[in-house]
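Subject: The structure I promised you

Hi there,

Here is the structure we talked about, with the sequence alongside. Have a look at it first, and then read on for my notes.

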Amino acid sequence: MNQSLDSKKEANKTAIFFVIKLLFFYFLFSQGNLFMNSVMNEGSRFYNAYISNHFDYIQGLKTALIVPAVWIIKLFGFYAIHNEMDVLVVAGPHLRVNYSCLGLGVMSFLTAFIIAFPAKLKSKIKLLILGLLMIYMLNILRIAALGVLLGFFESQRDNFTYHHEVFNILVYIIVFIVLYYWIKKNSSPIVKQETESKID
């Protein structure tokens, strides 16, 4: 009986510690990215020219999203050009890829969750790589789909103003599904100990 109570207390401590770590790392990554966005944007409060010129990973992510998205748009017969943050589909829409388009919020949540959850390091690294790639690929498809759909259906361009919200909801749903099945395969040591004690 005492062993069972001790196991429950230990499980509760593990759960509380997990939530604290999750919130801490999510805040660290999400706010850290926002701060770095300010550091690398000329005219912003914390702008730093050296960091902006040499370590602008946010612009790198924009480019990594825009270039393949433009390739996909062209596959559908459209002519598209781009610069550092804009995609212009000739006779189609003009798309601007802002900070909010990068998916760094959901990436921050996924990374924080994986770090906080008690599981084997190898499993964490595997999910982190696959999860971030999945979000990245979905974001490319979103940008390309907007370019193609709004190119074909000009009359519907005003009906896609909430695509950010729709995309975030969709990606979070997919992420939660992936995490659900990952958690089922990666039970914490406390859960394993409790199960073993019941068998003994």
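I'll begin with one helix and its place against the strands. Helix α3, residues 57–75, lies across β1 and β2, and α3 runs at about 170° to β1. Please keep in mind that this is a predicted model, and that the values below are computed from it.

**The overall picture**

The protein chain has seven helices and three strands. If you follow the sequence, the pattern reads α-α-α-β-β-β-α-α-α-α. There are 200 residues in the protein chain, and 34% of them are buried. The protein chain exposes about 12,800 Å², with 66% of that area supplied by carbon and sulfur atoms. As for contacts, take those between residues at least 6 apart in sequence: 65% of them join residues at least 24 apart.

**The sheet**

How are the three strands ordered? They form an open sheet in the order β1-β2-β3, with antiparallel pairing. The edge strands are β1 (80–82) and β3 (94–96), each of which pairs on one side only. On average, neighbouring strands in this sheet are turned by 15° against each other, direction ignored. As a general reminder, the strands of a sheet pair through backbone hydrogen bonds, either parallel or antiparallel.

Taking the pairs one at a time, β1 and β2 are joined by a hairpin through three residues. The two strands pair in the antiparallel sense over three bridges, and Ile81 stands opposite Leu88 in β2.

Strand β2, residues 86–89, also pairs with β3, again in the antiparallel sense and over three bridges. Here Val87 stands opposite Leu95 in β3, while Asp86 has Arg96 of β3 as its bridge partner.

**A positive phi in the second hairpin**

The hairpin of β2 and β3 has four residues between the strands, and one residue there may catch your eye. Which value does phi of Ala91 take? Phi of Ala91 is near 60°, a positive value in a residue other than glycine. For context, most residues other than glycine have a negative phi. Ala91 sits in the loop between β2 and β3. With a relative accessible area of 68%, above the 50% cut-off, Ala91 counts as exposed.

**A buried valine after the sheet**

Val97 lies in the loop between β3 and α4 (104–116). Is Val97 buried or exposed? Its relative accessibility is 2%, so Val97 counts as buried; the cut-off for that is under 20%. Leaving aside neighbours within four places in sequence, Val97 is in contact with Lys62, Ile66, Met85, Leu102 and Ile143. Val97 and Asp86 are eleven residues apart along the chain, and their C-alpha atoms are separated by 6.0 Å.

**Where α3 begins**

Two consecutive residues are worth a look here. Asp56 lies in the loop between α2 (49–54) and α3, and Tyr57 is in helix α3. Asp56 has a relative accessible area of 24%, and is therefore partly exposed. Tyr57, at 38% relative accessibility, also counts as partly exposed.

What do these two residues touch, not counting residues up to four places away in sequence? Asp56 touches Met40 and Ile51, and Tyr57 touches Asn33, Met36 and Met40. Looking at C-alpha atoms, Asp56 and Asn37 are separated by 8.5 Å, with their positions 19 residues apart along the chain as the spacing. For Tyr57 and Met40, 17 residues apart along the chain, the C-alpha separation is 9.1 Å.

**Where α3 ends, and a nonpolar patch**

Leu75 is also in helix α3. Its relative accessibility is 73%, so Leu75 counts as exposed. Which residues join Leu75 in a nonpolar patch on the surface? They are Phe76, Leu149, Phe152 and Phe153. Together, the five residues of the patch have about 570 Å² of accessible area.

That is what I have for now. Happy to talk it over whenever suits you.

Best wishes

Key
Residues are numbered from 1 along each chain as its sequence is written. This is a predicted model: local features need pLDDT of at least 70, side-chain atom pairs count only at pLDDT 80 or more; totals for chains, interfaces and linings use all residues. Side-chain values use heavy atoms; hydrogens and water are left out. Two strands pair if DSSP finds at least two bridges between them. Axes are lines fitted to C-alpha atoms, for helices over the stretch in contact, and angles run from 0 to 180 degrees between N-to-C directions. Contact means heavy atoms within 4.5 Å. Patches are made of residues with over 30% relative accessible area and no salt bridge: like charges are joined within 9 Å, nonpolar side chains (Val, Leu, Ile, Met, Phe, Trp, Tyr) within 5 Å. Accessible areas come from the Shrake-Rupley method with a 1.4 Å probe; for residues, only the protein chains shown count as cover. A salt bridge is a side-chain nitrogen of Lys or Arg within 4 Å of a carboxyl oxygen of Asp or Glu. Buried means under 20% relative accessible area, exposed over 50%, partly exposed in between (1.4 Å probe, protein chains only).
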